[in-house]
Amino acid sequence: MNTHRIESPLPEDLRVFLTVIRKASFAGAADELGQSPAYVSKRIRILEETLRTRLLHRTTRRIALTEAGERTQRWAIRILDDLDDFVGELTDARKAPRGMLHLCSSFGFGRNHMAPAIAELSSLYPDLEVRLDVFDRVVDIIAEGFDLEIRVGDDIPGQHISRKLLDNHRVLCATPEYLARRGTPQTLKDLAEHDCLVLKERNNPFGIWHLKNGGREEAVRVSGPLSSNNGEIVLQWALGSKGILLRSLWDVRPLLAQGKLVQVLHDYTQSANVWAVYPTRLSDSAKLRVCVEFLENYLRQYSA
């Protein structure tokens with residue numbers, strides 16, 4: 001029987017490894033850690049020898065993760081978070097957050113959901129100064145200096161850390177007046193005969209709706225005389241009986257309950273999960289950790 005087993009890596013080596021990934025260079029990691037590039041290179045070599053596998057592809061121009069490196073990245077984050085949580089509980093490291101926290105989100109979600117949440121967070125932690133910026137474009141949170149992005153949708157950048165705050169999905173709906181005038185679609189193909197209110201938001205493909213029916217995903221091309229890059233405008237048009245809308249269930253649930261909108265093609269939905277995306281581990285920042293945990297609890301009210 002083979003009694004050889006892989007030794008456990010040192011936490012410090014895992015920290016160096018994650019820093020190299022985040023900075024995308026040995027020199028950048030060395031600057032952040034206050035060490036020499038030779039030290040960083042040595043710790044990565046020791047980690048690879050301990051795990052008996054290559055973790056990084058290194059060239060003169062860039063650093064890329066191997067398949068084993070990707071798995072190690074996921075486990076390193078988990079291991080270090082668990083270790084820091086353990087130490088934090090023993091040493092009372094969860095101090096009251098203070099200082100500036102810079103957040104961003106999409107325009108509609110930021111205005112309707114993040115704004116009241118951040119106001120409540122600020123009341124709970126008076127020493128925390130929060131700035132919320134909203135965009136309808138892709139944001140590079142590292143280059144633009146953000147601590148945290150609240151993102152709707154599952155297209156999470158691989159170089160960032162993320163935590164799902166809540167499951168959510170979008171549904172198709174229209175007013176009873178529109179459906180009485182144009183008929184109710186029975187299949188996805190029927191959407192080609194309808195006025196669909198198209199939203200061009202962030203980097204989502206324009207005029208193509210990706211919808212799930214059970215475990216199968218289908219793409220349908222839609223069109224109509226009205227389109228916008230603002231979700232609130234599109235919702236206003238839908239309430240004016242101008243067409244069929246694909247909208248988050250959070251936003252239309254009250255309207256569906258009131259009968260102002262009617263859901264169509266009930267079997268088809270679009271994933272719109274809500275994520276917290278951040279460039280550094282939660283254990284490294286009390287203000288970031290408290291904010292993410294607060295938002296996770298705050299958004300549970302929408303899961304009912």
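Which residues lie nearest the centre of the second largest pocket? Before hunting for them, keep in mind that you're looking at a predicted model. Now to the pocket itself: Leu18, Gln73, Ile77, His160 and Ile161 are the ones nearest its centre, out of 23 residues that line it. The second largest pocket holds about 450 Å³ of space. If you'd like to trace its walls, follow helix 1 (11–23), helix 2 (26–33), helix 4 (67–91) and strand 6, since each of these gives at least two residues to the lining. The lining is a mix by class, with 10 nonpolar, 6 polar and 7 charged residues.

Strand 6 is a handy stepping stone, as it also belongs to an open sheet of 5 strands. Read across that sheet and you'll meet the strands in the order 4-3-5-15-6, with mixed pairing. Strand 4 (128–135) and strand 6 (161–166) are at the edges and have a single partner strand each, so one side of each has no neighbour in the sheet. Going from one strand to the next, the twist averages 25°.

Let's zoom in on one pairing in this sheet. Strand 5 (residues 148–152) runs antiparallel to strand 15 (residues 274–278), and 4 bridges connect the two. Here you can spot Arg151 opposite Trp275, which sits in strand 15.

Next, look at the helices that lie across these strands. Helix 5 (residues 107–124) crosses strand 3 (99–106), strand 4, strand 5 and strand 15, and its direction is at about 175° to strand 4. Helix 9 (residues 286–298) lies across strand 3, strand 4, strand 5, strand 6 and strand 15, at about 30° to strand 6.

Helix 5 has another story to tell, this time about aromatic rings. The whole structure has 3 aromatic pairs. One of them is a tilted pair made by Phe109 and Trp250, with 5.7 Å from centre to centre and 35° between the planes. Those two come from distant parts of the chain: Phe109 is in helix 5 and Trp250 is in helix 8 (residues 249–257), 141 residues apart.

Finally, how many residues lie between the strands in the hairpin of strand 9 and strand 10? There are 2, and in this hairpin Gly214 takes a positive phi near 70°. Strand 9 (residues 208–213) and strand 10 (residues 216–221) run antiparallel and are joined by 6 bridges. To see how they face each other, find His210 and look across to Ala219 in strand 10, which stands opposite.

Definitions and conventions:
Residues numbered from 1 in each chain as written. Predicted model: local features only at pLDDT ≥ 70, side-chain atom pairs only at ≥ 80, totals over all residues. Heavy atoms only, no water. Pairing = 2+ DSSP bridges. Axes fitted to C-alpha atoms, helices over the stretch in contact; angles between N-to-C directions. Contact = heavy atoms within 4.5 Å. 1 Å grid on protein atoms, 1.4 Å probe; cavity = no way out; pocket = protein on both sides within 12 Å on 5 of 7 lines; lining within 4 Å. Points joined across faces, edges and corners; volume = space filled by probe spheres on them. Nonpolar A, V, L, I, M, F, W, Y, C, P; charged D, E, K, R; others polar. Phe/Tyr/Trp six-rings, centres within 6.5 Å; stacked < 30°, edge-to-face > 60°.
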